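Please consider the predicted model shown below. The paragraphs that follow lead from a pocket to the nonpolar cores and then to a buried strand.

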Amino acid sequence: MADRELTTYSLDGRIATITMDDGKANVFSIEMLTALDAAFDRAEADKAIVALRGRKGTFSAGFDLKVIRTDPERVGEMIKRGALLAERVLTFPTPVLTVCTGHCYPAGAFLLMAADARIGVEGPFRLGLNETRIGLPLPWFAIEMARHRMPVRAFDRTAVNAVMFSPTEAIEAGLLDAVVPADQLETTVAAWTADLAELDPKVHASTKLKARQPAITAVREAIVKDFGAD
């Protein structure tokens with residue numbers, strides 16, 4: 001994995017496209033999370049609107065199960081990095097659009113819930129929180145992130161019962177804002193990013209923080225509960 005560029009960054013005017021592609025399922029390994037954080041550093045320095053997307057058929061398969069099952073010393077670091085990235089997207093100073101190009105499992109779903117706008121692509125894809133089905137407890141920060149975005153019924157179904165949603169179902173569940181056919185994805189992304197570029201940057205940033213203050217506080221307190229104050 002270290003030999004492959006896990007993310008690419010391209011800047012076109014005010015639009016920064018961050019593409020995740022590990023050649024497989026886009027797992028959120030420590031290496032992928034480090035690469036994503038560096039890409040968001042670049043976007044912040046460029047004061048760019050972000051379009052975060054996955055590879056064809058997969059946005060992200062979530063946290064790296066290989067690390068969870070075989071490297072317990074790194075599990076805490078990996079999940080904390082994922083939590084801090086989700087918090088960063090939730091409070092990012094410019095708009096963030098997530099382009100869900102296929103399947104989306106935790107922790108990819110956490111980024112959908114943190115973003116300002118979410119587009120999905122039609123197809124036989126599954127999105128949601130499946131931790132209880134595979135024997136993993138949801139961290140507190142993930143529960144607060146889901147509570148922020150999801151209607152109560154959908155939240156309970158996926159967080160507690162590990163129900164996964166189709167892209168269309170994911171709109172009602174609060175994970176996506178729109179779903180389009182694959183052949184319309186690029187034009188839709190271009191239209192949405194252009195629309196986000198028309199927002200007043202300072203007003204958007206301050207309003208985002210005001211509107212999300214309860215969720216931001218809850219997520220930050222949950223991260224402390226999950227990982228400690230340091």
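**From pocket lining to buried strand**

By class, the residues that line the largest pocket comprise 14 nonpolar, two polar and one charged. This pocket has a volume of about 280 Å³. Of its 17 lining residues, F63, I68, I79, E131 and L136 are the closest to the centre. Two or more lining residues come from each of the elements β6 (62-63), α2 (65-70) and α3.

The nonpolar cores of this predicted model may be considered next. In soluble globular proteins, nonpolar side chains tend to be buried together. The largest nonpolar core here holds 61 residues, and the members that touch the most others are F28, F40, L52, F110 and M150. Helix α3 (residues 72-90) supplies the largest share of this core, with eight residues. A second core, separate from that one, has ten residues, among them I49, L97, V99 and L196.

F110 merits a further look. Once its neighbours within four places in sequence are set aside, F110 is in contact with F63, A86, L129, E131, L138, F141, A142 and M145. Two of these partners, F63 and E131, have already appeared among the residues closest to the centre of the largest pocket.

Where does strand β9 (residues 117-121) lie with respect to the rest of the structure? Five of its five residues are buried, so β9 is largely enclosed by the rest of the structure. The burial extends to both faces of the strand: A117, I119 and V121 are buried on one side, and R118 and G120 are buried on the other.

Which strands pair with β9? Strand β7 (residues 96-100) pairs with β9 in the parallel sense, over four bridges. Within this pairing, R118 of β9 has T98 opposite it. Strand β12 (residues 178-180) also pairs with β9 in the parallel sense, here over three bridges. In β12, A178 is the bridge partner of I119.

I119 leads on to a helix. T188, which is found in helix α8 (residues 185-197), is in contact with I119 and V180 when its neighbours within four places in sequence are left aside. Is T188 buried or exposed? Its relative accessibility is 13%, and the limit for a buried residue is under 20%; T188 therefore counts as buried. I119 thus takes part in a bridge with A178 of β12 and in a contact with T188, while lying on a covered face of β9.

Key
Residues are numbered from 1 along each chain as its sequence is written. This is a predicted model: local features need pLDDT of at least 70, side-chain atom pairs count only at pLDDT 80 or more; totals for chains, interfaces and linings use all residues. Side-chain values use heavy atoms; hydrogens and water are left out. Buried means under 20% relative accessible area, exposed over 50%, partly exposed in between (1.4 Å probe, protein chains only). Contact means heavy atoms within 4.5 Å. A nonpolar core is a set of buried Ala, Val, Leu, Ile, Met, Phe, Trp, Tyr and Cys residues joined through side-chain atoms within 4.5 Å. Two strands pair if DSSP finds at least two bridges between them. On a 1 Å grid over the protein atoms alone, a cavity is a set of points where a 1.4 Å probe fits but cannot get out, and a pocket is an open set with protein on both sides within 12 Å along at least five of seven lines; lining residues have an atom within 4 Å of a point. Grid points are joined across faces, edges and corners, and a volume is the space filled by probe spheres set on the points. Ala, Val, Leu, Ile, Met, Phe, Trp, Tyr, Cys and Pro count as nonpolar, Asp, Glu, Lys and Arg as charged, and the others, Gly among them, as polar.
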